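Thanks for sharing this one; here are my notes, written as numbered points so you can follow along in the viewer. I have grouped them by region.

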Amino acid sequence: MKKVLGALLLGATIVSAFIAYSMYTNHSAKQTAAIEQKQAAKKAEKKTEKKKKPVLKVEDLTYQLKDSRTGQVMKEFKPIHYKDKDVYDQEIKQLASELAKGIDTPMQNIKMDENGSLTGGSKQIILKEAELVKNLQNLNTKQLDVKVPIYETAPNVTAASAQGIADVSLASYSTRFRPSDTSRNRNVQLSAEAINNVVLGPGDSFSYNQTVGERTAERGYQPAPEIINKQLVMGIGGGICQTSSTLFNAIDGAGLQVTARSHHSKHVGYVPAGRDATVSWGGPDFKFTNNKDYPVIIKAYANVNTGVLTVDVRTSQRAI
């Protein structure tokens, strides 16, 4: 009898355990299913949010063009034609050119006064247009600041480096003019005075138009014959090309680097063929750079009595 009761009790215990296990399993399955449903709902919600959130495009944004020197905003720019490469490239090249016109400033060279002291001079300021165009071609949606690359270069001359700068001649060149042609000679004289005693340190650049300035009656320049389109016509400042051509031959003889030079449209008599340097305000310019590792000084003198214009490029004895 005891054995029968024990068997019945064991059976009841097993059944109870089975029922409890089944109930636990069903509950756990329901919990797992609920969790999975919640996770699936969240994923679906995120996908929906992603679909609804607009995708940022370069052409929809506004960029701040900032001065690389100061960080100040120079212009706001919206690249609406960014996807049309040809149109966009033309647009940003024009933009870079327009910005450069308001920024670019040629170097004003230092001069030496009669007492041997250095005077004047101002730095060159250049906006690198090609670099700005490249920056605008590589816009992205994360960085809305665009660097406008502006570089400044001061004249590379000090009182110490200019000590004894007129001691030795590197090259000299002379041309002749008629002493009787007083108006033209006055123009030659004024332009020679403008370039006289200009000092160029290593790497410094020179612009004839910038140094001589605009040739106007108010500044003393006279009407005189000049060559325009192969014709000899009267113009204010006629004759100053003799000064620029004489300067070219002197600096070429000294081995300085010519960076801009144009020929006259017809032969001129004061230098051999092909050895001239025509200039005009707002037109052709004569430019060069001191590619030496020492400073040089330009000496220029027009003797209106003898009709001789001389340009001499000099430096100190210790420099060579």
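Two strands count as paired if DSSP finds at least two bridges between them. Keep in mind throughout that this is a predicted model.

1. **The hairpin of β1 and β2.** Let's begin with strand β1 (residues 63-67) and strand β2 (residues 73-77), which pair in the antiparallel sense over 4 bridges. If you want a register mark, L65 stands opposite K75 in β2. The hairpin has 5 residues between its strands, and G71 takes a positive phi near 80° there.

2. **The other pairing of β1.** β1 also pairs with strand β6 (residues 145-148), this time in the parallel sense and over 4 bridges. Here the bridge partner of Q64 is D145 in β6.

3. **Two faces of β1.** Which side chains of β1 are buried? Y63, L65 and D67 are; they point to one face, while Q64 and K66 point to the other and are not buried. So that the cut-off is clear, buried means under 20% relative accessible area.

4. **Helices α2 and α3.** Helix α2 (residues 85-101) packs with helix α3 (residues 129-137) at an angle of about 140°, and their axes are 9 Å apart. Angles over 145 degrees would count as roughly antiparallel; α2 and α3 are therefore oblique to each other. Their crossing is right-handed. From α2, the contact is made by Y88, D89, I92, K93, L95, A96, S97, L99 and A100, and from α3 by E129, L132, V133, L136 and Q137. By class, this contact of α2 with α3 has 9 nonpolar, 2 polar and 3 charged residues.

5. **Helices α4 and α6.** A second helix pair to look at is α4 (residues 182-195) with α6 (residues 240-254), which pack at an angle of about 40° with their axes 7 Å apart. α4 and α6 are therefore oblique to each other, and α4 passes α6 in a right-handed crossing. On the α4 side you will find R184, N187, V188, S191, A192 and I195, which meet I240, Q242, T243 and L247 in α6. The residues of this contact divide into 5 nonpolar, 4 polar and 1 charged.

6. **The sheet of 6 strands.** Next comes an open sheet of 6 strands in the order β4-β3-β9-β15-β16-β8, with antiparallel pairing. β4 (118-119) and β8 (168-176) stand at the edges with a single partner strand each, so one side of each is left without a neighbour in the sheet. Within the sheet, strand β15 (residues 296-303) and strand β16 (residues 308-315) pair in the antiparallel sense over 7 bridges, and N303 stands opposite V308 in β16. The helices of point 5 come back here: α4 packs on the sheet, touching β3 (110-112), β9, β15 and β16, and its direction makes about 160° with that of β15. α6 packs on the sheet as well, touching β8, β15 and β16, with its direction at about 150° to that of β8.

7. **A positive phi after α4.** N197 is found in the loop between α4 and β9 (198-200). Its phi is near 70°, a positive value in a residue other than glycine. Most residues other than glycine have a negative phi. Is N197 buried or exposed? N197 is buried, with a relative accessible area of 15%.

8. **The sheet of 3 strands.** 3 strands form an open sheet in the order β10-β14-β13, and the pairing is antiparallel. β10 (205-207) and β13 (257-260) are at the edges, each with a single partner strand, so one side of each has no neighbour in the sheet. The twist averages 25° from one strand to the next. β10 and strand β14 (residues 287-289) are joined by 3 bridges and run antiparallel; S207 stands opposite K287 in β14.

9. **The loop between α5 and β11.** Finally, have a look at T216, placed in the loop between α5 (208-212) and β11 (223-228). T216 is buried, with a relative accessible area of 17%. Leaving aside its neighbours within four places in sequence, T216 is in contact with Y221 and I236. Y221 is found in the loop between α5 and β11, and Y221 is buried, with a relative accessible area of 3%. Y221 also leads back to α4: Y221 and R184 are 37 residues apart in sequence and 8.7 Å apart in space, C-alpha to C-alpha.

Conventions: Residues are numbered from 1 along each chain as its sequence is written. Side-chain values use heavy atoms; hydrogens and water are left out. Axes are lines fitted to C-alpha atoms, for helices over the stretch in contact, and angles run from 0 to 180 degrees between N-to-C directions. Angles under 35 degrees count as roughly parallel, over 145 as roughly antiparallel, 65 to 115 as roughly perpendicular and the rest as oblique. A crossing is left-handed if the near helix is turned anticlockwise from the far one by less than a right angle, and right-handed if clockwise. Contact means heavy atoms within 4.5 Å. Ala, Val, Leu, Ile, Met, Phe, Trp, Tyr, Cys and Pro count as nonpolar, Asp, Glu, Lys and Arg as charged, and the others, Gly among them, as polar. Buried means under 20% relative accessible area, exposed over 50%, partly exposed in between (1.4 Å probe, protein chains only).
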